[in-house]
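Here is a quick tour of a protein model, meant to be read with the viewer open. Have a look at the sequence and the structure before reading on.

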Amino acid sequence: MKRLLLPTLLLTALAGTVYADIQAPPASEYTATRKLGRAIGNIIYAIEELPTTMIRWNSEEGDYAGFSVGIVEGFTRTFTRIGYGFYELVTFWAPTYKCTYRPPYQGSCGRSGLKEYNSWSGFSEFPEELGFQSKYDYSRGQRD
């Protein structure tokens with residue numbers, strides 16, 4: 001009996017870790033509350049697409065493109081984001097996109113890394129912010 005106790009405990013411990021790994025699928029960070037927050041953010045901050053798109057066109061193609069194509073595309077992106085916001089606000093309780101709560105936008109898979117976000121043809125999960133934004137942490141920690 002004692003000979004079977006150690007292998008049984010090891011097998012149970014291994015099975016427990018395998019079971020724990022299965023319980024966190026890749027889309028587990030996307031929940032109904034995150035979808036509701038994304039909907040509210042898209043509705044409130046969708047107008048920031050207009051200056052962001054104008055700035056992007058201005059830096060790539062020049063002033064005339066920024067104040068012509070940038071304005072038209074900015075309004076298009078603004079109304080598209082507002083539409084997605086109201087869609088997600090109404091359906092926040094249901095997993096609608098591929099049976100998950102992920103955003104249905106073209107070119108966006110959030111932080112999962114499945115697709116790289118393309119700011120020209122796709123939408124980020126949350127509206128873009130105006131001004132300088134760094135995705136890297138440059139602060140230093142204190143060494144021991």
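What follows covers the fold, the confidence, one helix pair and a few residues worth a click.

## Overall fold

First things first: this is a predicted model. The protein is built with five helices and zero strands, so there is no sheet to look for, going by that count of zero strands. Walk along the sequence and the pattern reads α-α-α-α-α.

Of the 144 residues in the protein, 29% are buried. Take the contacts between residues at least 6 apart in sequence, and 63% of them turn out to join residues at least 24 apart.

## How far to trust it

The average pLDDT for the protein is 77, and 68% of the residues score at least 70. Which helix comes out with the highest confidence, and which with the lowest? H5 is at the top with 93, while helix H1 (residues 2–22) sits at the bottom with a mean of 70.

Keep an eye on residues 108–115, where the pLDDT is below 50. That stretch still has 15 contacts in the model beyond near neighbours in sequence. Where pLDDT is low, though, the predicted coordinates should not be read in detail.

## Where H3 meets H5

Now for the helix pair. Helix H3 (residues 49–61) packs against helix H5 (residues 69–90) at an angle of about 145 degrees, and their axes are 8 Å apart. The H3 and H5 crossing is right-handed.

Who makes the contact? On the H3 side, you'll find Glu 49, Leu 50, Thr 53, Met 54, Arg 56 and Trp 57. From H5 come Val 69, Gly 70, Ile 71, Glu 73, Gly 74, Phe 75, Arg 77, Thr 78 and Arg 81. Sort the residues of this H3–H5 contact by type and you get six nonpolar, four polar and five charged.

## Thr 53, on the H3 side

Thr 53 lies in helix H3. Is its place buried or exposed? Thr 53 counts as buried because its relative accessible area is 0%, and the cut-off for buried is under 20%.

The side chain of Thr 53 reaches back to the backbone oxygen of Glu 49, at 2.6 Å. Setting aside neighbours within four places in sequence, Thr 53 is in contact with Gly 70, Glu 73, Gly 74 and Arg 77. Those four residues are also listed among the H5 contributors to the helix contact.

## Glu 73, on the H5 side

Click over to Glu 73, which sits in helix H5. What does its side chain pair up with? The side chains of Glu 73 and Trp 57 are joined by a polar contact of 2.8 Å.

Glu 73 also makes a handy marker for how the chain comes back on itself in space: the C-alpha atoms of Glu 73 and Met 54 are separated by 8.2 Å, with the two residues 19 apart along the chain.

## Two residues after H5

Finally, check the backbone at Lys 98 and Cys 99. Lys 98 is found in the segment after H5, and has a positive phi of about 50 degrees although it is not a glycine. Cys 99 is placed in the segment after H5 too, and its phi is likewise positive, about 60 degrees, again without being a glycine.

As for accessibility, Lys 98 is exposed, because its relative accessible area of 67% is over the 50% cut-off. Cys 99, at 69% relative accessibility, also counts as exposed.

Technical notes
Residues are numbered from 1 along each chain as its sequence is written. This is a predicted model: local features need pLDDT of at least 70, side-chain atom pairs count only at pLDDT 80 or more; totals for chains, interfaces and linings use all residues. Side-chain values use heavy atoms; hydrogens and water are left out. Axes are lines fitted to C-alpha atoms, for helices over the stretch in contact, and angles run from 0 to 180 degrees between N-to-C directions. A crossing is left-handed if the near helix is turned anticlockwise from the far one by less than a right angle, and right-handed if clockwise. Contact means heavy atoms within 4.5 Å. Ala, Val, Leu, Ile, Met, Phe, Trp, Tyr, Cys and Pro count as nonpolar, Asp, Glu, Lys and Arg as charged, and the others, Gly among them, as polar. pLDDT is the predictor's confidence in each residue, from 0 to 100. Buried means under 20% relative accessible area, exposed over 50%, partly exposed in between (1.4 Å probe, protein chains only). A polar contact is a pair of N or O atoms within 3.5 Å; within protein, one must be able to donate a hydrogen and the other to accept it, and residues adjacent in sequence count only if both atoms are side-chain atoms.
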